[in-house]
Amino acid sequence: MLHPRKLMTLDEFTIYELRTVPHATGELSGLMRSIGLACKKINSQVNRAGLSDILGALGTENVQGEEVQKLDDIANRTFIDLLNHSIYCAGVGSEENDDIVIFDDPISNNSKYVLLMDPLDGSGNIDVGVSIGTIFSVLKRVTPLGTPVTIEDFLQPGNRIVAAGYVIYGSSTMLIYGTKRGMNGFTLDPTIGEFCLSHPNLKCPDNGKFYSANYGNYLGFSEGVKSYLKACERKTKDNGGPYTERYIGSMVADIHRNLIKGGIFMYPGTMSKPNGKLRLLYECNPMAFIYQVCGGYATNGEMNVLDIQPTELHQRTPLFIGSKNMMAELEEHLKLDL
Ligand code: AHM
Ligand code: MG
């Protein structure tokens, strides 16, 4: 029996896992290696983002007279280029592209996986140095191997996700990634340029004290949502409180804090935007999968997010996601909306 090493890199970890999963082909590990590399490249761009003022503002020319690309566009191209050159991905759906990207070549057409991603979420925060992130999920294609993938391969409910993860480009850079078998956290060690296993077998606490919502939208929220937020404000020592309201406005950062410490994050629909803002396929499903594996869950207010059958690539959904017991209490309040 081979025991895991003390400090494993992402590559070593996926290889270790391969040894323990019967019938594993290594395809998912190969795909994960490309994702890890893409995120390291994005990380180095994110770290240099402040220099864009010196090199040239977005959409303008830098001192060399070259057009400066937007960081989310760079992140998107980095991902697609790397995956296109790998042999483990048949196509990509990205928040940055109107349509799916099909890697139509003989090798890619024989890959069983497709990737859905938001290459740089929260990019409105870049110019103020706030944490941003990458979110992704992997689906097994439903069309026959050997043919180019189609939209059908991407419009699958979240309960069909094979693996999902996110990277937070924060005070340190962390990758949270896993399958139904478990979620693990890796921290980028800049001295060796590798993600190293730092948070094995992550679990989300059943209770928490953080609640995260954009209060600027309060007047548009439903009665159920307002009622829950009031209950959060009124929490005292006697009933699990007091709670702390924390909203960064960068989903990966808000959700990461709540996953580790326990909490609830919501982006409800409003009267003017009944489906809220967040995208089902790129943002909500991967996060819902991660929370479910870690012991929490996510709903759209009516059903488990992972059970929604997508009909469009870029569709939006209200999102409530968090610690198990906090979610149960929220759902009691949401009954007011039925
Ligand atoms: P983006 O995909 O355009 O970056 O938008 C998604 C982001 C999330 O990270 C964050 O939770 C949300 O938008 C914040 O929106 P708001 O400013 O409306 O609260
Ligand atoms: Mg986004």
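**Exercise 1. Find the place of Lys112 and decide how open it is.**

Step 1: Lys112 sits in the loop between strand S2 (101-102) and strand S3 (113-121). Helices (H or I, at least four residues) and strands (E, at least two) are DSSP runs, numbered from the N terminus. This is a predicted model, in which local features need pLDDT of at least 70 and side-chain atom pairs count only at pLDDT 80 or more, while totals for chains, interfaces and linings use all residues. Residues are numbered from 1 along each chain as its sequence is written, and chains are lettered from A and ligands numbered from 1 in the order in which they are written.

Step 2: Lys112 counts as partly exposed because it has 18 C-beta neighbours inside 10 Å. The scale works like this: a residue is buried if 20 or more other C-beta atoms lie within 10 Å of its own, exposed if 12 or fewer, and partly exposed in between, with C-beta atoms placed from the backbone.

Step 3: Now look at the company Lys112 keeps. Leaving out residues up to four places away in sequence, Lys112 touches Glu27, Lys140, Arg141 and Leu145. Contact here means that the C-beta atoms of two residues, placed from the backbone, lie within 7 Å. Lys112 and Leu28 are 84 residues apart in sequence, with their C-alpha atoms 9.3 Å apart in space.

**Exercise 2. Work out whether Asn84 is partly exposed or buried, and place it in the chain.**

Step 1: Asn84 belongs to helix H4 (residues 71-85).

Step 2: With 15 other C-beta atoms within 10 Å, Asn84 is partly exposed.

Step 3: From Asn84 to Phe103 there are 19 residues in sequence and 6.1 Å in space, C-alpha to C-alpha.

**Exercise 3. Check the length of helix H2, then list its buried residues.**

Step 1: The expected span of a helix is 1.5 Å times one less than its number of residues. For the 21 residues of H2 (residues 27-47), that gives 30 Å.

Step 2: The end C-alpha atoms of H2 are 30 Å apart, so the model agrees with the expected span.

Step 3: Among the buried residues of H2 are Leu28, Leu31, Met32 and Ile35. Two of these, Leu28 and Leu31, are also touched by Tyr113.

**Exercise 4. Do the length check for H7, and find what H7 gives to the largest nonpolar core.**

Step 1: H7 (residues 280-294) has 15 residues and should span 21 Å; its end C-alpha atoms are 19 Å apart, which agrees.

Step 2: H7 is mostly covered, as 15 of its 15 residues are buried. After H7 comes Gly295, with a positive phi near 105°.

Step 3: A nonpolar core is a set of buried Ala, Val, Leu, Ile, Met, Phe, Trp, Tyr and Cys residues joined through C-beta atoms within 7 Å. The largest one holds 92 residues, and Cys89, Tyr113, Leu115, Tyr291 and Ala298 touch the most other members. H7 supplies the largest share of this core, eleven residues.

**Exercise 5. Explain why the UniProt "binding site" residues gather at one spot.**

Step 1: The annotation, from an unreviewed entry, covers Asp118, Asp121 and Glu283. UniProt positions are given in the numbering used here, feature names are shortened, and annotations may be inferred rather than shown by experiment.

Step 2: These residues span 166 residues in sequence, yet no two of their C-alpha atoms are more than 8.4 Å apart, so they gather at one spot.

Step 3: Asp118 is found in strand S3, and so is Asp121. Asp118 is buried, with 26 other C-beta atoms within 10 Å, and Asp121 is buried with 27. The contacts of Asp118 include Glu283, and those of Asp121 also include Glu283.

**Exercise 6. Sort the shell around ligand 1 by residue type.**

Step 1: The shell consists of Asp118, Asp121, Gly122, Ser123, Gly124, Asn214, Gly249, Ser250, Met251 and Lys277. To be near the ligand, a residue needs its C-beta atom, placed from the backbone, within 6 Å of it.

Step 2: Ala, Val, Leu, Ile, Met, Phe, Trp, Tyr, Cys and Pro count as nonpolar, Asp, Glu, Lys and Arg as charged, and the others, Gly among them, as polar.

Step 3: The result is one nonpolar, six polar and three charged residues.
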